Amino acid sequence: MGQLNLAWNYIKSKRKPKEGDKLLPESLPVVTVQLPIYNEKYVVERLIDAVCTFDYPDTLLEIQVLDDSTDETVQIIQRKVAEWQARGVDVKHIQRTDREGFKAGALQYGLEASRGEFIAIFDSDFLPEKDFLKKTLPHFDESVGLVQTRWGHLNKDYSLLTQLQAFGLDAHFSVEQGGRSYAGSFINFNGTGGIWRKSTIVDAGGWSADTLTEDLDLSYRAQLKGWKFQYLEDCVAPAELPIIMPAIKSQQYRWNKGAAETARKNLSKVLLSDIKLSGKIHAVFHLFNSSVFICLLIASILSIPMLFIKDANPRLEILFDLGSVFLVGFFSIAFFYWVASKSLHPLKTGKYYFRLFPSFLVVSMGLSLHNGLAVLEGLFGFKSPFVRTPKFNILKKGDSWKGNTYVKPTFNWLTLFEGVFSLYFIMGIASGIYLHDWGLIIFHFMLALGFGSVFYHSVKPIVNG
């Protein structure tokens with residue numbers, strides 16, 4: 001229901017007349033651009049080059065390279081920063097004595113030394129356009145604390161895995177963010193590709209490292225303080241997508257566990273706040289969005305025993321009618337992603353959607369064990385360190401990631417269980433055929449294929465690395 005509501009709000013937002021281009025204020029503010037970096041030797045130079053060539057007065061632009069690196073990235077940054085300093089750009093190489101607080105700690109450290117009224121943040125895999133500041137700054141009025149832009153994809157067509165990630169992220173950055181924004185619900189800073197009012201960060205209590213999604217946590221604290229967020233779908237910040245399954249998993253783990261930690265931390269504040277009831281309901285769905293993986297995992301595991309229980313006790317059939325639930329959920333999700341595809345790919349909606357949506361759904365189901373466990377860890381308060389997602393600087397087909405010193409895929413028990421789960425759901429297909437119960441055949445086929453695909457793509461880098 002939550003996804004249908006977002007899709008409906010997004011459709012309504014598209015019916016609104018478009019506003020004309022907003023103009024920059026006559027008196028331009030000082031802007032600090034923060035680049036949190038940790039061991040990013042493959043991509044850091046292109047990022048620094050991109051932000052140092054922003055179309056913005058040099059005297060009003062400060063760039064902080066917040067470098068927690070422990071490898072040759074440090075020397076690469078030193079050379080690049082010196083090069084731009086010689087050209088008159090105010091770019092600083094800032095290092096801490098330790099990595100306390102990881103990314104959140106680095107951002108807070110830089111914030112305390114920043115001179116900007118506004119703070120733009122870009123992760124190492126981003127390549128923002130020159131006019132980023134001129135597109136975003138006009139959307140700040142006195143009540144707006146953040147402007148978030150849509151992520152683009154530098155290497156979308158590298159492989160099926162990158163295409164599927166782009167497919168999913170496009171839905172988040174169109175229907176979900178757009179729908180929430182139109183409804184006046186809580187939306188979130190996505191950790192990068194956005195610009196904050198500095199006083200908003202300070203008013204909300206600053207950056208905190210007690211969750212793995214410091215961006216979502218700060219977003220809720222700021223909006224609970226009364227600050228408004230603006231989402232700009234038409235302003236795109238291009239970024240690189242992870243190209244191998246272990247990198248995708250590390251990113252998914254951080255996003256899903258962090259979201260659960262943020263829910264655990266902020267739910268009571270939301271429920272006790274004076275915002276309207278509909279806003280609280282939207283916030284609950286938002287904060288617990290990743291919990292769908294737990295529900296999917298439990299329903300999937302129990303679906304095979306239920307086949308035999310139902311066969312032995314026909315009178316209980318109505319209690320185990322998972323087929324209908326599966327179909328309702330499937331069509332809700334299908335509509336959600338159709339709306340996103342139609343909005344962002346209007347000239348090739350049908351072909352694009354029907355080629356990627358089935359695969360996206362299958363792989364998402366295959367990630368339910370990995371993501372579900374991450375959510376459970378977050379909800380029950382199990383702490384873990386911030387694990388970075390390795391970057392590759394690989395943009396086109398044919399480029400190889402082999403030799404990337406940050407990628408060290410290993411075989412673990414979770415990967416083993418993903419392979420076992422694939423066999424388990426193959427058994428579910430056989431059980432349905434044996435019992436002449438066809439209601440969950442497609443469901444079990446998708447699960448078997450999904451877990452098998454995730455297992456294969458998790459093992460492949462180990463074998464080929």
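In this predicted model, the largest nonpolar core holds 60 residues, of which Val 33, Leu 35, Phe 122, Leu 133 and Trp 196 touch the most other members. The greatest contribution to this core comes from strand 7 (residues 228-239), which supplies 6 residues. A second core, separate from the largest one, consists of 41 residues, including Tyr 337, Ala 340, Leu 361 and Met 446.

The surroundings of Phe 122 were examined further. When residues up to four places away in sequence are not counted, Phe 122 touches Val 33, Gln 34, Leu 35 and Pro 36. Its contacts also include Leu 47, Val 51, Phe 54, Pro 128, Phe 132, Thr 192 and Gly 193.

Strand 2 spans residues 61-67, and 7 of its 7 residues are buried, that is, under 20% relative accessible area; strand 2 is therefore largely enclosed by the rest of the structure. Both of its faces are covered. Leu 61, Ile 63, Val 65 and Asp 67 lie buried on one side, while Glu 62, Gln 64 and Leu 66 are buried on the other.

Strand 2 pairs with strand 1 (residues 31-37) in the parallel sense, over 7 bridges. Within this pairing, Val 31 has Leu 61 of strand 2 as its bridge partner. Between strand 1 and strand 2 the chain passes through helix 2 (residues 44-52), forming a right-handed β-α-β crossover.

Strand 2 also pairs with strand 3 (residues 91-95), in the parallel sense and over 5 bridges. Here Val 91 in strand 3 is the bridge partner of Ile 63. The chain runs from strand 2 to strand 3 by way of helix 3 (residues 73-85), and this β-α-β crossover is right-handed.

Terms used:
Residues are numbered from 1 along each chain as its sequence is written. This is a predicted model: local features need pLDDT of at least 70, side-chain atom pairs count only at pLDDT 80 or more; totals for chains, interfaces and linings use all residues. Side-chain values use heavy atoms; hydrogens and water are left out. Buried means under 20% relative accessible area, exposed over 50%, partly exposed in between (1.4 Å probe, protein chains only). Helices (H or I, at least four residues) and strands (E, at least two) are DSSP runs, numbered from the N terminus. Two strands pair if DSSP finds at least two bridges between them. A crossover is right-handed if, with the strands pointing away from the viewer, the path from the first strand over the helix to the second runs clockwise. A nonpolar core is a set of buried Ala, Val, Leu, Ile, Met, Phe, Trp, Tyr and Cys residues joined through side-chain atoms within 4.5 Å. Contact means heavy atoms within 4.5 Å.
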